[in-house]
Structure formats: C-alpha cells, structure tokens
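Biologist: Could you take me through one part of this model up close, the place where two helices pack against each other? Give me some context on the way there, please, in plain bench language.

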Amino acid sequence: MTIETILRQIDESPLAASIRENVNAFPLLESLHVLAIAIVFGTILIVDLRLVGLPAHRRSAQKLTAELLPFTWGAFVVAVITGSLLFVSNPVAYANNTEFLLKLVLIAIAGLNMVWFHSTTHRRIAEWDEDMPPPTAARVSGAMSLVLWTSVIVLGRWIGFTLETMFF
Amino acid sequence: MSIATFADWLYATPFSSAIRQTTWIIPDLQAIHILSIAVVIGSALITELRLAGVLATDCPVQEVLRRFLPWMRIALVVLLGTGLLLVVAEPGRTLGNALFWIKMVLVAGASLVTLQARKGLVRSTGEGGITDSPESSRLLAWFMILVWVAVIFCGRFIAYT
C-alpha cells in the first residue's frame, strides 16, 4: 500500500464525498478552522510574549500559562479536527502542496520546542516565575514559538493560493 | 452612483490593478489580517471572560483591560488598513456582498463597545470586583464573544457568496 493509494482511497471515501458535495461544508469547516487558529495563536501570543519579557495582566508566568493553555489546547484540537476534514476533502492536492507540507513540519517543530521548554525551563519555573526579564532559555522558547506559529499561519493562507487541483 | 458602478471604477484604477497583479500582495495582506484577528480574538477572549467573571477573577478588571485594550486598538487599526487594501483590490467581491456589510456593522459595533464602553471601566474605582454598570454586565460580555465569532464566519463566507 503506497501513500498514493491511501490518499486515493481517502479521496474516494463517503466522508470526502459528503464534504465536497455539501456546498456549505467546506466554508463552515474553514470558518471553524480560522476561529480555532485565532484562539490558538491569540492565546499562545500572550504566553510567548510573557516568556520573551513583555508583561501580561498578571505577574506570575506559571499562573498565566495555567490559565491560558487549556484554551490553546482545546482550540488546537478543534484546529486539527477541522484541518483533517479539510484535508480529507482533497487529499491528493494537499499532499502535493509544498506550503501544506511545510506547515505540518513547522507545527511539529513548534511541538518539539514546547516539549523542550516544558521538560526543562518550565520545571524550574518557581525560581523565575515573576522575574523580569525571564531567563534566556524561556525567552528563546517564547521567541521561537512566536516565529514558528506566525509562519504556520502565513503558510496556511498561502495553501489556498497555491493548491493545484489537477493531477495527471 | 450605485455600489456596482463604484466597484467597477475602483477595480479599473491603476492602484487596484497593481495590488492584484503582484502575486504575493493579496495572500500576505490576508495573512496579516488573520494574525491581527488572532490578536483581537485572544484579547477579547480574556477581556470578556474576565468581565463575565469566569477567568482571571483574582486580577482586577482594570488591570486586564489596561493590558489588552491597547493591543485590540492597534490590531483593529491594522485590520482596517489591510481590510481597506483588500477591498480596493477586489471591490466587486466585497462591496457587492451583503455578508461584507453585515460584517462591517458587527465589527463597528463590537469595536465601539470595546474601545468606548470598556475604556470607561479602566478608570472605574472598584476594588477589583466587577462594577455594576451595563458596560460591565456579564450578558454583554458573552454577547461580545458571540459577535466576534460571527465576524469571523462572515469574513470567511464572503469568499463563498
């Protein structure tokens, strides 16, 4: 079973057909996707800016992350579900789109950055919780996260302009 | 002059053509538009949820507003600027679409409430609890969240109607 056959099977599935045939399905999924990413980026922005050294509405970085990350995660789940359904509607086209593939790679790197931050700098957060500026490692994590997620959003928009729907 | 004639005239201007003909301008304008939407949504979410009494209740309302209102102001200005350019680039598609106008009314309303009514709360002398004014009502806060969500849906659906 090659990737090509799997993609074609998804393309021919009833789920894919129903998304394509319902004229409102794709726009609705897209709108939910936009709402989800707005919440993901909007909340991550506040946390990352705090990690970089810009004050939030509270001094404790730990309280801030505890307060906002549930929204980030919840919205991320919605983004993944809606994104997967969007993908399912035209799998061959998306799998051949450079911007889409690059976007997935950057999301993975953002995930790694997050794992690295949470297993190192965040472990010692009690030591630097209200320090301004935060420790360099925190500032680097925050800055990287900002650059990565901004790029994800830009690439996401570019998919719509570079998607090729004809393959021979 | 009808909207259609104005849109045709605008479409034919060199400025409009220039925006459309440089391939990277519209996508990047839209990307900046989306990033600014995220700033508004993030700020509005925290601000309105605080006013609704469900988030950051240990922080004074004034502190939350003072932190996020300036960001919303800047993001709304960027949204207006990028939005204007996007309209200039594709006037018929926007000005001739009812959803675009509905979105404009919703955005204007929500922006007014945020930048005017909420601005008043920043200077209120409450000790940290929610003051008992219509501008701070929980109902209005939940309604505001709904309005911003509606704006997002209207915005995306413009491309499909």
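**From the chain down to one helix pair**

Modeller: Let's start wide. This is a predicted model, and in chain A, 80% of the contacts with a separation of 6 or more are between residues 24 or more positions apart. Chain A is built from 8 helices and has 0 strands, so to speak α-α-α-α-α-α-α-α when you read along the sequence. Its C-alpha trace spans about 55 × 30 × 25 Å along the principal axes, and 32% of the 168 residues of chain A count as buried.

One backbone detail to look at on the way: the peptide bond from A:Met132 to A:Pro133 is cis, with omega near -5°. A:Pro133 sits in the loop that links helix H7 (125–128) to helix H8 (136–162) of chain A.

Next, where the chains meet: 23 residues of chain A are in contact with 24 residues of chain B. On the chain A side, helix H3 (25–52), helix H4 (61–88) and H8 each supply at least two residues. H3(A) gives the most, with 12 residues. Sorted by class, that side of chain A has 14 nonpolar, 5 polar and 4 charged residues.

Now over to chain B. In the loop between helix H3 (25–51) and helix H4 (61–89) of chain B you'll find B:Ala56. It has a positive phi of about 50°, although it is not a glycine. B:Ala56 has 21 other C-beta atoms within 10 Å, so it counts as buried, the cut-off being 20 or more.

Follow that loop into H4(B) and you reach the part you asked about. H4(B) packs with helix H6 (residues 98–122) of chain B at an angle of about 150°, their axes 10 Å apart. Because of that angle, H4(B) is roughly antiparallel to H6(B), as the label applies to angles over 145 degrees. The crossing of the two helices is left-handed.

Who does the touching? From H4(B) it's B:Val61, B:Gln62, B:Leu65, B:Arg66, B:Leu69, B:Met72, B:Arg73 and B:Leu76. From H6(B), the partners are B:Ser111, B:Thr114, B:Leu115, B:Arg118, B:Lys119, B:Leu121 and B:Val122. Split by class, this contact of H4(B) with H6(B) has 8 nonpolar, 3 polar and 4 charged residues. If you'd like to trace it on screen, B:Leu65 and B:Leu69 are among the H4(B) residues to click on, and B:Leu115 is one of those on H6(B).

How values were computed: Residues are numbered from 1 along each chain as its sequence is written. Chains are lettered from A and ligands numbered from 1 in the order in which they are written. This is a predicted model: local features need pLDDT of at least 70, side-chain atom pairs count only at pLDDT 80 or more; totals for chains, interfaces and linings use all residues. Helices (H or I, at least four residues) and strands (E, at least two) are DSSP runs, numbered from the N terminus. A residue is buried if 20 or more other C-beta atoms lie within 10 Å of its own, exposed if 12 or fewer, and partly exposed in between; C-beta atoms are placed from the backbone. Two residues are in contact if their C-beta atoms, placed from the backbone, lie within 7 Å. Ala, Val, Leu, Ile, Met, Phe, Trp, Tyr, Cys and Pro count as nonpolar, Asp, Glu, Lys and Arg as charged, and the others, Gly among them, as polar. Axes are lines fitted to C-alpha atoms, for helices over the stretch in contact, and angles run from 0 to 180 degrees between N-to-C directions. Angles under 35 degrees count as roughly parallel, over 145 as roughly antiparallel, 65 to 115 as roughly perpendicular and the rest as oblique. A crossing is left-handed if the near helix is turned anticlockwise from the far one by less than a right angle, and right-handed if clockwise.
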